[in-house]
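The exercises below are meant to be worked through with the coordinates open. Each one sets a task and then gives a solution in steps.

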There are 2 protein chains.
Amino acid sequence: MQYTKSTGYALHALIHLAQKDSGQYVGIKELSAALVVSESYLSKIMSKLRQDGIVRAVTGASGGYELARSADRITFLDVIQVVEGRQHLYECFHGEESTPDAIYDMDSEECLVKKVMIGAEMHLHSYLEQHTIQGVLDAAAQRGSRAGNKKA
Amino acid sequence: MQYTKSTGYALHALIHLAQKDSGQYVGIKELSAALVVSESYLSKIMSKLRQDGIVRAVTGASGGYELARSADRITFLDVIQVVEGRQHLYECFHGEESTPDAIYDMDSEECLVKKVMIGAEMHLHSYLEQHTIQGVLDAAAQRGSRAGNKKA
DNA sequence: TTCATTATGGATCGTTAATATCCATAATAG
DNA sequence: CTATTATGGATATTAACGATCCATAATGAA
């Protein structure tokens with residue numbers, strides 16, 4: 001039970017983009033160099049982020065990526081759900097979905113173990129929803145301003 | 001990012017055991033029949049639970065498993081950590097710890113992303129710690145006594 | 001237009017984790 | 001002694017993850 005590397009790459013790529021001005025496109029070359037990951041692999045992840053409307057992409061010379069909305073409106077949950085998929089923490093009958101969205105209906109005659117797990121999921125999501133890309137930048141700025149111990 | 005089937009089996013097996021009296025051993029045959037899973041597979045999971053002191057096992061004729069402590073002191077977190085392992089939700093440097101390159105260390109974002117994830121993990125664990133096997137039994141009893149609105 | 005640049009999507013491949021089974025062994029009640 | 005029952009090792013199968021390559025389309029610039 002661990003988030004994949006892809007989620008880490010996605011978060012860091014977005015943090016990188018968030019440090020640029022709007023309209024300033026960043027190519028996959030710069031991103032992959034910054035994150036120390038291959039262009040081909042990272043481009044798959046960026047493509048997912050684009051399909052989900054988290055970044056915009058422009059092909060062709062001097063093209064690249066930029067955030068599709070401000071960094072304070074991109075939450076950890078947004079990113080995680082795009083990259084990891086929107087599976088539930090626990091499924092009673094692994095492999096098949098019974099109801100589309102009635103999964104959060106606590107009154108249905110569902111497995112009691114699942115009820116506990118749905119609660120866990122909601123707690124987790126609630127936390128991840130409250131943390132944004134901008135939040136990380138703010139924390140970094142705070143850290144940077146503290147007693148000039150910049151370089152490690 | 002989903003708990004494995006094994007976790008589901010473990011939780012249901014413990015719920016089954018919790019419904020028996022102390023000193024009443026339950027064999028793998030009964031358990032696997034109740035959960036609709038093979039004996040050989042479930043026995044691996046039970047063995048883990050035993051190694052971690054969650055159940056006791058007695059070999060030989062009329063042997064089997066029983067809870068090693070009361071059901072209200074076996075939390076979801078206990079079970080999950082035994083079956084899933086105690087990995088973190090997120091690792092900065094998945095697997096390896098090298099990459100002294102870390103050029104993108106400009107703001108030490110790596111640790112900041114992890115900091116958010118550690119917070120998420122703590123929230124999740126806090127919730128899972130507060131839910132026990134006994135809690136599920138209690139919920140089941142309540143549901144059973146609500147004679148009437150069984151089906152929505 | 002032509003060319004270099006850049007993202008996209010399909011196909012593929014190796015590695016690892018999860019799922020699952022079988023068997024030999026050890027322990028124990030009767 | 002024998003039937004029963006858990007244990008641990010070995011192994012096979014499947015699915016997910018991590019990663020790469022290539023053909024294609026879109027775009028800015030010469």
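**Exercise 1. The interface between the chains**

How much area do chain B and chain A bury between them, and what share of it is on carbon and sulfur atoms?

Solution. Bear in mind from the start that this is a predicted model. The size of an interface is often given as the accessible area lost when the parts come together. Here chain B and chain A bury about 4500 Å² between them, and 66% of that area is on carbon and sulfur atoms. Counting the residues that take part gives 45 from chain B and 46 from chain A. On the side of chain B, the residues that lose the most area to chain A are B:Met1, B:Gln2 and B:Arg143, which together account for 17% of what that side buries.

**Exercise 2. The fold of chain A**

Describe the order of helices and strands in chain A, and state what share of its residues is buried.

Solution. Begin with the inventory, which for chain A is six helices and two strands. Reading along the sequence then gives the pattern α-α-α-β-β-α-α-α. Of the 152 residues of chain A, 45% count as buried. Finally, among the contacts in chain A with a separation of 6 or more, 60% come from residues 24 or more positions apart.

**Exercise 3. Packing of helix 1 on helix 3**

Classify the packing of helix 1 and helix 3 in chain A, and then repeat the analysis for chain B.

Solution. Two packed helices are described by the angle between their axes and the distance between the axes. In chain A, helix 1 (residues 5-18) and helix 3 (residues 39-51) pack at an angle of about 75°, with their axes 10 Å apart. Angles of 65 to 115 degrees count as roughly perpendicular, and helix 1 of chain A and helix 3 of chain A are therefore roughly perpendicular to each other. The residues that meet include A:Tyr9, A:Ala13 and A:Leu17 from helix 1 of chain A, and A:Tyr41, A:Ile45 and A:Leu49 from helix 3 of chain A. By class, this contact has ten nonpolar, one polar and no charged residues.

In chain B, helix 1 and helix 3 pack at an angle of about 75°, with their axes 10 Å apart. Helix 1 of chain B and helix 3 of chain B are therefore roughly perpendicular to each other. Among the residues making the contact are B:Ser6 and B:Leu14 of helix 1 of chain B, and B:Leu42 and B:Met46 of helix 3 of chain B.

**Exercise 4. Aromatic pairs**

How many aromatic pairs does a search of the whole structure find?

Solution. The search finds two over all chains. The rings of A:Tyr9 and A:Tyr41 have their centres 6.0 Å apart and their planes at 90°, so this pair is edge-to-face. Because A:Tyr9 lies in helix 1 of chain A and A:Tyr41 in helix 3 of chain A, the pair ties together parts that are 32 residues apart in sequence. For B:Tyr9 and B:Tyr41, the ring centres are 6.1 Å apart and the planes stand at 90°, so that pair is edge-to-face.

**Exercise 5. A backbone angle**

Is A:Val36 buried, partly exposed or exposed?

Solution. Locate A:Val36 in the loop between helix 2 (28-35) and helix 3 of chain A. Its phi is near 55°, a positive value in a residue other than glycine. At 42% relative accessibility, A:Val36 counts as partly exposed, whereas B:Val36, at 70%, counts as exposed.

Definitions and conventions:
Residues numbered from 1 in each chain as written. Chains lettered and ligands numbered in written order. Predicted model: local features only at pLDDT ≥ 70, side-chain atom pairs only at ≥ 80, totals over all residues. Heavy atoms only, no water. Axes fitted to C-alpha atoms, helices over the stretch in contact; angles between N-to-C directions. Helix = DSSP H or I, 4+ residues; strand = E, 2+ residues; numbered from the N terminus. Parallel < 35°, antiparallel > 145°, perpendicular 65-115°, else oblique. Contact = heavy atoms within 4.5 Å. Nonpolar A, V, L, I, M, F, W, Y, C, P; charged D, E, K, R; others polar. Phe/Tyr/Trp six-rings, centres within 6.5 Å; stacked < 30°, edge-to-face > 60°. Buried area = accessible area lost by both parts, 1.4 Å probe. Buried < 20%, exposed > 50% of the residue type's maximum accessible area, 1.4 Å probe, protein only.
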